[in-house]
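Colleague: I have the file open and would like to go through it with you. Could we begin with the ligand and then move on to the fold?

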Amino acid sequence: MTLPAEARLFTIGEAVSELQGAYPDVSHSALRFFQREGLVNPLRTAGGHRLFTVTDLDRIRRIRNWQAQRYSLAEIRQRLETMDALASPAHLSQRLLELATHGEMAAATHLILHADDVGLPLASTFDDVLRPALIEVGERWVSGLLTVSQEHEISELSRDLIAELTLRHAEPDRLKPIVVAACIAEELHDLGLRMVCGVLRERGARVHYLGANVDPSSIEESVRLRRAEIVLLSISLEAHMPALRETIRVVRDTTVDMPRPRYVVGGRGCLGHREELAANGVEVLADHRLEGIARVVLADSNQHPDEISGPEEVSSHSAARHAR
Ligand code: B12
């Protein structure tokens, strides 16, 4: 069987001869230096010999081109990180976590903002980079591998990043719906809802975000003040279900004199209560992907919900509309 060309592996000698045509000064020691600096990461044989992939060789060509353009090693490292990030947000997420757990907050911030600069879509930065890092933080915290102060610091870093990226991407559009968003009383997990709001703002929604632990009367006040068309409520802990029910009851009962907004609830805490909420006219979004969430939340209200997204995202959507 012949292997495809891209699967070929090169020993260090073969890699040098392959590269020397275009880059005569590339030597064994240059390749070892790139590796020591963490710019390339060749495989190793059982006997410890380096094996370079076709992708490694492409990477070395880029490094040489950037060196020729007089980029510093630090700049080259950053460009490679960004390149990796765009190719693999999972890699970026791991790197973010690594920097943040070591207290390298400035570098972690820079990493994410730079990925944004070079075009990583906002929803992907949130879904594929920040969210997995936060989930991993939770797991490490539970198993004692991360301290509470580290978790707090990484949460605050995430909050800053979400805020900065949200401001960068916001495109308010007067034709898009007015949204009031809040975490219900006692609920302190607000990063997920912040991400939802960031992506909705990017898509033109005029979002009034009230934050964590918001009492029903403040939500009601904002719904009235802003003439909200959509109310987004977030609940991470199932123990907060009574507070969610109470919030919906209070807000509904006290806004009967104005056009009735849509109520959309999300977060892991409500997932076991979809039927109950749907029967009460509340839409539950079970999908965690922000693209799907934004599509459903901002869907044209005259369009039938089943036409606007897949069944998973609208689990209770149709039922909710019918109950209104
Ligand atoms: C950071 C964090 C905290 C921070 C929150 C900081 C902040 N400003 O948000 C603090 C320190 C305050 C905290 C406290 C607690 N936490 Co905590 N926390 C986390 C952690 C590590 C990350 C949360 C997060 O931001 N996730 C990432 C976001 C993006 O995901 P998300 O919230 O699910 O949001 C997405 C969707 O759900 C959806 N979504 C969310 N809301 C909405 C709303 C709408 C309308 C829509 C459409 C969609 C939507 O969209 C988002 C984007 O995908 C999680 C770990 C984890 N697995 O999530 C634990 C975690 C949630 N916490 C947990 C616990 C136990 C607690 C505490 C009880 C700990 C304690 N003993 O004090 C307290 C409770 C505080 C309270 N009263 O709310 C547990 C919950 C377990 C459970 N039974 O569900 C977790 C899972 C950790 C664990 N592995 O055990 N926590």
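**Ligand surroundings and fold**

Modeller: The ligand has 34 residues around it, and those that come nearest are Gly-138, Leu-191, Gly-192, Ser-234 and Gly-266. Please note that this is a predicted model.

Colleague: Which elements give two or more residues to that shell?

Modeller: They are helix 7 (122–142), helix 8 (148–169), helix 9 (191–202), strand 6 (230–234), strand 7 (262–266) and helix 13 (290–297). Helix 7 gives the most, namely seven residues.

Colleague: And how many nonpolar, polar and charged residues does the shell have?

Modeller: The shell has 17 nonpolar residues, nine polar ones and eight charged ones.

Colleague: Which domains does the shell draw on?

Modeller: Domain 2 (80–167) and domain 3 (174–323) each supply at least three residues to the shell around the ligand.

Colleague: Let us step back to the whole chain. How many helices and strands are there?

Modeller: The chain has 15 helices and eight strands. Its C-alpha atoms fill a box of roughly 80 × 45 × 40 Å along the principal axes. Of its 324 residues, 34% count as buried.

Colleague: What share of the contacts between residues at least 6 apart joins residues at least 24 apart?

Modeller: That share is 70%.

Colleague: Strands 6 and 7 both came up at the ligand. What is the strand order in their sheet?

Modeller: The order is 5-4-6-7-8, in an open sheet of five strands with parallel pairing. Strand 5 (206–209) and strand 8 (283–285) are the edge strands, each pairing on one side only. On average, neighbouring strands of this sheet are turned by 25 degrees against each other, with direction ignored.

Colleague: How many bridges join strand 6 to strand 7?

Modeller: Five bridges join these two parallel strands. Ser-234 stands opposite Gly-266 in strand 7, and both residues are among those that come nearest to the ligand.

Colleague: What about the edge at strand 5: which residues are on its covered face, and which on the uncovered one?

Modeller: Val-207 and Tyr-209 form the covered face of strand 5, while Arg-206 and His-208 form the uncovered one. The general background is that side chains in a regular strand alternate between the two faces of the sheet. Strand 5 is joined to strand 4 by four bridges, and the two run parallel. The bridge partner of Val-180 in strand 5 is His-208.

Colleague: Which helix lies across that part of the sheet?

Modeller: Helix 10 (residues 216–226) lies across strand 4 (178–183), strand 5 and strand 6, and runs at about 170 degrees to strand 4.

Colleague: I noticed Asn-213. Where is it found?

Modeller: Asn-213 is found in the loop between strand 5 and helix 10. Its phi is near 50 degrees, a positive value in a residue other than glycine. For context, most residues other than glycine have a negative phi.

Colleague: Why does Asn-213 count as partly exposed?

Modeller: Asn-213 counts as partly exposed because it has 17 C-beta neighbours inside 10 Å, whereas 20 or more would be needed for a residue to count as buried.

Colleague: Where is Arg-70, and what is its phi?

Modeller: Arg-70 is found in the loop between helix 3 (54–68) and helix 4 (73–87). Its phi is positive, about 70 degrees, although Arg-70 is not a glycine. Arg-70 is exposed, because 7 other C-beta atoms lie within 10 Å and the limit for an exposed residue is 12 or fewer.

Colleague: Which strands does helix 3 lie across?

Modeller: Helix 3 lies across strand 1 and strand 3, at about 80 degrees to strand 3. An open sheet of three strands has the order 1-3-2 with antiparallel pairing. Its edge strands are strand 1 (9–10) and strand 2 (43–44), each pairing on one side only. Two bridges join strand 1 to strand 3 (residues 50–53) in the antiparallel sense, and the bridge partner of Phe-10 in strand 3 is Phe-52.

Colleague: One last residue: is Val-251 buried or exposed?

Modeller: Val-251 counts as buried, because it has 24 C-beta neighbours inside 10 Å. Val-251 is in helix 11 (residues 241–254). Leaving aside neighbours within four places in sequence, Val-251 is in contact with Pro-216, Ile-219, Glu-220, Val-223 and Val-231.

Colleague: And how far apart are Val-251 and Met-105 in space?

Modeller: They are 40 Å apart, C-alpha to C-alpha, and 146 residues apart in sequence.

Note on methods:
Residues are numbered from 1 along each chain as its sequence is written. Two residues are in contact if their C-beta atoms, placed from the backbone, lie within 7 Å. A residue is near a molecule or strand if its C-beta atom, placed from the backbone, lies within 6 Å of it. Ala, Val, Leu, Ile, Met, Phe, Trp, Tyr, Cys and Pro count as nonpolar, Asp, Glu, Lys and Arg as charged, and the others, Gly among them, as polar. Domain bounds come from an automatic or database domain assignment. Two strands pair if DSSP finds at least two bridges between them. Axes are lines fitted to C-alpha atoms, for helices over the stretch in contact, and angles run from 0 to 180 degrees between N-to-C directions.
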